[in-house]
Amino acid sequence: MACGPSSLATGPRAGPVQSLLGPTLLVLLVSGLGPAFCQKIYTNTWAVQIPGGQEVAEQVASKHSFVNLGHVFDDIYHFKHRTVEKRSLSNHRGTHVRLHREPKVVWAEQQVVKQRRKRDVYTEPSDPKFREQWYLNNANHRDLNVKGAWELGFTGKGVVVSILDDGIEQNHPDLAQNYDPDASYDVNDGDPDPQPRYTQLDDNRHGTRCAGEVAAVADNGICGVGVAYNAKIGGVRMLDGEVTDVVEAQSLSLNPQHIHVYSASWGPEDDGKTVDGPAKLAKDAFLRGVTEGRGGLGSIFVWASGNGGREKDSCNCDGYTDSIYTLSISSSTQNGNVPWYSEACSSTLATTYSSGNLNEKQIITTDLKSKCTDSHTGTSASAPLAAGIIALALEANTNLTWRDMQHLVVRTSHPAHLLTNDWKTNGVGRRVSHSYGYGLLDASAMVTLARNWTSVGPQQKCVLSMIAAPRNIGTHLVIKKSVDGCLGTANHVSSLEHVQAQLTLSYNRRGNLAIHLTSPSGTRSTLLAPRPHDYSSEGFNDWAFMTTHSWDERPSGEWTLEIENQAGVSDYGTLTQFTLVLYGTGQAWPSPSDADLVPPVSRSCKTLDLRQICIECTAGYFLFQQSCVTECPPGFSAGLLPMNYTVGNGVEPAQVPSCLPCRPPCLTCSGLSPRACLSCPTHSHLDAAAGSCTHLNQFERETPGGFMEGLRPPASRLPAAVAMLSCVGIMATFGGVFLALQLRSGPLRLPPALEAGGLRERLGLGGGARRAASYHGIPTVWGDDALSSDSDNDDFGFRGERKAFIKTQSAI
Ligand SMILES: [Ca+2]
Ligand SMILES: [Ca+2]
Ligand SMILES: [Ca+2]
Ligand SMILES: [Ca+2]
């Protein structure tokens, strides 16, 4: 658009008419007509013509409070004023006039920002199936906005994703170029080559299909493209054999300094009656992943929420997807409906597309034996699409932590056209659903927000015991308690992320129970919906039901837990433990709302970028999370950050005073040195004199701190005798069941590598450690043979040899 004369330009030697007209024209342009046609943005820089050389230019600059940014050519110099606002809608007349009157200046012009775009022409992939990949880009906008992210220049370059599954066909012509052996391993056979085992039914095609969704190669004339088609892709073969705790742990902790994103589409049986989660080693692997992976930023575990919809399963009874460390993804059909296989629960974070009814399209991806399929299905097709989008966001900002990534997903996912009667608005104004989490992922919004994201502070964890004595559940139990989010302690949470209700309860029929948790802001999460197939009388044993629905809410106020029998009349049981675990940050966020990208302008902000995001604060303030604060919150300290300038014209990068995260290992700090710690993370101890943190050994770790002692749930104070008796009982039951199954199914087999090393013994896996693992593919009953010979109907069920019998109820 033509904007008329672009800036204030006068010269002292100009004629009288010009001198008269200049200012008049300017006043008109700037204050009146100008903005009506075109809003101009004036910078604090001038182009100045000064004959006489560099020295004279320097003299003029310092005399008039300019910094000389350098010689352009001839006698033209680039000046920046020291006090003029960096960006303004009006020109700085006073400064200009002073320059104008300076005898050594021949000509000067205040510079305005010009819109310039790189002339890189983005061309969409030419792959034969790309046009049919409706979920990546679609004229009707019912898509994941992936093309938008590609157009911004993000295609996954430099990001490494690994698919934890039944192997990967590494020589597939649409994968080979992106295949990464360092992101791959065969845990089942103990060798570096994860090539799938070929069977007549193509049982082991699942990992190869998931891999193509993430990183199928673009512009090679084969099949379609992956979401992150320039990312590196690997695969871990771990589902084609017996899945044990150590198999899971080994897979989840493969090469964590090299692999950025792990995508998993498996979990406990989706039969609607199982309650199961990661055991000791897998739990450890998750914890190590998020604390040590990616140089301490944290591995990103993307998880499919499960396929037990038909069995009315709850993904909160699956300890993998229920975990705070996994980024749980559900599915929507092409038309925006909840697919029949989808499980609803409060731990799901967001949604991508997958299969639906017979008249709805499915997912196109690479298939076994160098083929291409257009019928990848189920929630297991959704997780890799999310992993691909996360790879794009990581390319946009490699410094994102595992929690930053979840923040980005919460902020940029949107309900779009997704249909359910379960959308509700939470306490910070976001719409959230048990079927979709925060809604459909938006790749373009993810990379845009990722680019400007300042890492959230360290994770705070506030643990609160909510009942003083066991409570009879009967048909309806309500527990209300006010909390302050551990105010006044090092664990204070002022802005929530994940919330867990850790429950121990007995009930004669577990599946009849519905459990709800309502936050102080009134957000009601369904922690458990009734499961008709779950007739177990085992209750829940320290099970951590998780909700993401109160993200960014304030935790202080009254929390309400409701346990309700929604079926029988004569049911009975007791709640013995209710521990509320609040995770989040110690610093409240600036006004979270749908307008997350546009925080309110405040007087403390000196410079806004074109999207009205604060990038520099006025003196005395520090930039923090796109707003200005007078003091950095705990976990941060004042430092200088290069200005995040996103306008088209290159303005020299300036250093802006900002709140930067404390250097590891400090939890909170007085400065940006590893020796300026004020407090330390769990399992380490503050050396106050040195200002550093030292790691505690096992013995020290087990010594309870005075604070935690007071918060111990009452269950832990049960007489030791009762605990001992329970232990003996459980062990006897385990032993019995194990022996019975051993007799029925013959001896256990471990991969030779593990067997040979005696690892089973060393890890205490002497027996009974076989675990359930079911694909989150789709059940046979609803197979879609009619649609395509490539159907996915055997993704399920055939895993009969891996039936669950471990019922360790561990959720993290
Ligand atoms: Ca192999
Ligand atoms: Ca291709
Ligand atoms: Ca499930
Ligand atoms: Ca999760």
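The paragraphs below walk through this predicted model, from its overall make-up to its calcium sites, a sheet, some ring contacts and a few single residues.

Let us begin with the whole chain. The protein has 812 residues, of which 57% count as buried. Its secondary structure comprises 15 helices and 40 strands. If you take the contacts between residues at least 6 apart in sequence, 74% of them join residues at least 24 apart. As for the surface, the protein exposes about 33700 Å², and carbon and sulfur atoms supply 55% of that area.

Now turn to the calcium ions, starting with ligand 2. Its donors are D127 (OD), D174 (OD), D174 (OD), V217 (O), N220 (OD1), I222 (O) and G224 (O), at 2.3 to 2.8 Å. Along the chain, these donor residues follow the spacing D-x46-D-x42-V-x2-N-x1-I-x1-G. D127 sits in the loop between β6 and α4, while V217 sits in the loop between α5 (206-215) and β9 (232-237), so this pair ties together parts that are 90 residues apart in sequence. D127 counts as buried, at 3% relative accessibility, and V217 is buried too, with a relative accessible area of 3%.

The calcium ion listed as ligand 1 takes its donors from a short stretch of sequence, spaced D-x4-D-x1-D. Coordination comes from D186 (OD), D191 (OD), D191 (OD) and D193 (O), at 2.3 to 2.7 Å. Are D186 and D193 buried or partly exposed? D186 has 2% relative accessibility, under the 20% cut-off, and therefore counts as buried. D193 has a relative accessible area of 37%, so it falls in the partly exposed class, between 20% and 50%.

At ligand 4, another calcium ion, the protein donors are T321 (O), S323 (O), T326 (O), T326 (OG1) and S328 (OG), which lie 2.3 to 2.5 Å from the ion. The spacing of these donor residues in sequence is T-x1-S-x2-T-x1-S. Both T321 and S328 are buried.

S328 also leads us into a sheet, as the bridge partner of W303 in β14. Strand β13 (residues 300-304) and strand β14 (residues 326-332) run parallel and are joined by four bridges. They belong to an open sheet of seven strands with parallel pairing, in the order β8-β9-β7-β11-β13-β14-β15. At its edges stand β8 (185-186) and β15, each with a single partner strand, so one side of each is left without a neighbour in the sheet.

W303 appears again among the aromatic residues: together with Y262, W266, F286, F301 and Y320 it forms one aromatic cluster. A pair of aromatic rings is described by the distance of the centres and the angle of the planes. In this model there are 17 aromatic pairs. One of them is the edge-to-face pair of W134 and Y353, with 5.0 Å centre to centre and 65° between the planes. W134 lies in the loop between β6 (107-112) and α4 (146-151), and Y353 in strand β15 (residues 350-353), so the pair ties together parts that are 219 residues apart in sequence. Both W134 and Y353 are buried.

Rings meet charges here as well. The charged end of R431 sits over the ring of W423, 6.0 Å from the ring centre. In another case, the charged end of R510 sits over the ring of F540, at 5.4 Å from its centre.

Next, have a look at the backbone. Most residues other than glycine have a negative phi. K369, however, has a positive phi near 60°, and phi of S370 is also positive and near 60°. K369 is found in the loop between β16 (363-367) and β17 (371-376), and S370 lies in the loop between β16 and β17 as well. K369 is partly exposed, with a relative accessible area of 43%; S370 is partly exposed too, at 41%.

Our last stop is S692, in strand β38 (residues 692-695). What is S692 in contact with, leaving aside its neighbours within four places in sequence? Its contacts are P674, R675, C677, C680, H685, L686 and D687. S692 is buried, with a relative accessible area of 12%.

How values were computed
Residues are numbered from 1 along each chain as its sequence is written. Chains are lettered from A and ligands numbered from 1 in the order in which they are written. This is a predicted model: local features need pLDDT of at least 70, side-chain atom pairs count only at pLDDT 80 or more; totals for chains, interfaces and linings use all residues. Side-chain values use heavy atoms; hydrogens and water are left out. Rings of Phe, Tyr and Trp (its six-membered ring) pair if their centres lie within 6.5 Å; planes under 30 degrees apart count as stacked, over 60 as edge-to-face and the rest as tilted. Helices (H or I, at least four residues) and strands (E, at least two) are DSSP runs, numbered from the N terminus. Buried means under 20% relative accessible area, exposed over 50%, partly exposed in between (1.4 Å probe, protein chains only). A charge sits over a ring if NZ of Lys or CZ of Arg is within 6 Å of the ring centre and within 35 degrees of the ring normal. Contact means heavy atoms within 4.5 Å. Accessible areas come from the Shrake-Rupley method with a 1.4 Å probe; for residues, only the protein chains shown count as cover. Donors are N, O and S atoms within 2.8 Å of the metal (3.2 Å for Na, K and Ca); water is not among the atoms, so sites may look incomplete. Two strands pair if DSSP finds at least two bridges between them.
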